[in-house]
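Colleague: Please give me a close look at a single part of this model, the pairing of its strands, and then follow that part outwards to whatever lies around it. I would rather have one connected account than a list.

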Amino acid sequence: MEYERWDEVLAPYDHAVEELKVKFKNIRKEFLTKGEYSPIEFVTGRTKKIGSIISKANRLNLEDIESEMEDIAGIRIMCQFVEDIYTIVDLIQSRSDMTVVYTKDYIENFKDSGYRSYHVIIKYPINSIAGSKEILCEIQIRTLAMNFWATIEHSLKYKYEHYIPENLAIRLRRAADAAFLLDQEMSEIREDIMKAQVMCQVKSITVRDVLNKIQELYNLGDTHKALVYQRRLDKIDTERDIAEILHLKKEIDYLLEKYNSNNKSD
């Protein structure tokens, strides 16, 4: 296939990857903005390279890559806990802007190599100047520990052209088991970790809210009060004293309500 033709074929996949990355990042942002724990830690994505597409098509004897190759467009979602993976799967299945074709649970049914991950194959609609079409995309969902292991394995597969020496493969399997043991241990203290992270997020949101309200006082022309509250906020240990921050926020809210009431009466 000529390069210009490849460029045309891969363009919708590039668009899908960019759109899906934004959508999943926005899901994370929604959770955090509401002061809630996010099951999504971070998101990456890529369109498969032409050389990799050709190599895989030849290896699997594929005739039509657009209908037979599921991972030309690939999204990877990383989580902190194994439980988060299944939460994200439920989120994907509930969406109306993508259709789940099928799933592969390599956590319950991990590969002989030790590989663990959850794959969701979706159909995703793309609209362009050439028209609309649905393309296949693979979403891989893993914990940070699973991703670390899989990244190392991928590098070794590349080095050894998919045939890793047995002695090295044995050590990789041991490492995979160790990584999963870490995930299990972290799941045991998941509730405490989540509560701590949510508390940290609430503090961050509250401080931002207080700063916005101080800015409102500046905008209203009450520079004196704004400076007083700014200095009080600066003295508070924002890492610890959430009660003081909330108290300060309540004071400023009360003052702003008085301003609004006076403006309405005028």
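Modeller: Two strands are said to pair if DSSP finds at least two bridges between them, and that rule underlies the pairings described below. Please keep in mind throughout that this is a predicted model.

With that rule in hand, we can start with strand S1 (42-47) and strand S2 (73-79), which run antiparallel and are joined by six bridges. Two residue pairs let you find this pairing in the structure: valine 43 stands opposite isoleucine 77 in S2, and the bridge partner of threonine 44 is arginine 76, also in S2. S2 also pairs with S5 (131-143), here in the parallel sense and over seven bridges, and methionine 78 has arginine 142 in S5 as its bridge partner. S2 is mostly covered, with six of its seven residues buried.

Taken as a whole, the strands form an open sheet of five, in the order S1-S2-S5-S4-S3, with mixed pairing. S1 and strand S3 (99-105) stand at the edges with a single partner strand each, so one side of each is left without a neighbour in the sheet. On average, and with direction ignored, neighbouring strands of this sheet are turned by 25 degrees against each other.

Helices come next. Helix H4, made of residues 82-94, packs on the sheet and touches S2, S3, S4 and S5, its direction making about 165 degrees with that of S5. Helix H5 (144-159) lies across S1, S2 and S5, and runs at about 100 degrees to S5.

A residue that connects with these strands from another helix is phenylalanine 24, which is found in helix H1. Its relative accessibility is 2%, and because buried means under 20%, phenylalanine 24 counts as buried. Apart from its neighbours within four places in sequence, phenylalanine 24 is in contact with Ile40, Val43, Ile75, Ile77, Ile92, Met98 and Ile139. Among these contacts are Val43 and Ile77, the two residues that stand opposite each other where S1 meets S2.

H5 has a buried residue of its own to look at, since glutamate 153 lies in that helix and, at 6% relative accessibility, counts as buried as well. Leaving aside neighbours within four places in sequence, the contacts of glutamate 153 are Ser113, Tyr115, Ile164 and Leu172.

The strands and helices also border open space. The largest pocket holds about 1,600 Å³, and of the 43 residues that line this pocket, Lys48, Asp71, His154, Lys157 and His162 are the closest to its centre. S1, S2 and S5 each supply at least two residues of that lining, as do helix H2 (50-60), H5 and helix H6 (166-188), so that the pairing we began with can be traced straight into the pocket wall. By class, the lining of the largest pocket has 19 charged, 13 polar and eleven nonpolar residues.

S5 leads on to the second largest pocket as well, where about 240 Å³ of space lies. This pocket is lined by 13 residues, and Glu8, Pro12, Ser128, Ala130 and Lys133 lie nearest its centre. Helix H1 (3-33), strand S4 (118-128) and S5 each supply at least two residues of its lining, and the largest share, five residues, comes from H1. Its lining has five nonpolar, four polar and four charged residues.

Finally, H5 takes us to a closed space. The count comes to one cavity of 30 Å³ or more, and the largest cavity has a volume of about 40 Å³. Gly114, Arg116, Met146, Trp149, Ala176, Ala179 and Phe180 line this cavity. H5 and H6 each supply at least two of these lining residues, with the largest share, three residues, coming from H6. By class, the lining of the largest cavity divides into five nonpolar residues, one polar and one charged.

Definitions and conventions. Residues are numbered from 1 along each chain as its sequence is written. This is a predicted model: local features need pLDDT of at least 70, side-chain atom pairs count only at pLDDT 80 or more; totals for chains, interfaces and linings use all residues. Side-chain values use heavy atoms; hydrogens and water are left out. On a 1 Å grid over the protein atoms alone, a cavity is a set of points where a 1.4 Å probe fits but cannot get out, and a pocket is an open set with protein on both sides within 12 Å along at least five of seven lines; lining residues have an atom within 4 Å of a point. Grid points are joined across faces, edges and corners, and a volume is the space filled by probe spheres set on the points. Helices (H or I, at least four residues) and strands (E, at least two) are DSSP runs, numbered from the N terminus. Ala, Val, Leu, Ile, Met, Phe, Trp, Tyr, Cys and Pro count as nonpolar, Asp, Glu, Lys and Arg as charged, and the others, Gly among them, as polar. Buried means under 20% relative accessible area, exposed over 50%, partly exposed in between (1.4 Å probe, protein chains only). Axes are lines fitted to C-alpha atoms, for helices over the stretch in contact, and angles run from 0 to 180 degrees between N-to-C directions. Contact means heavy atoms within 4.5 Å.
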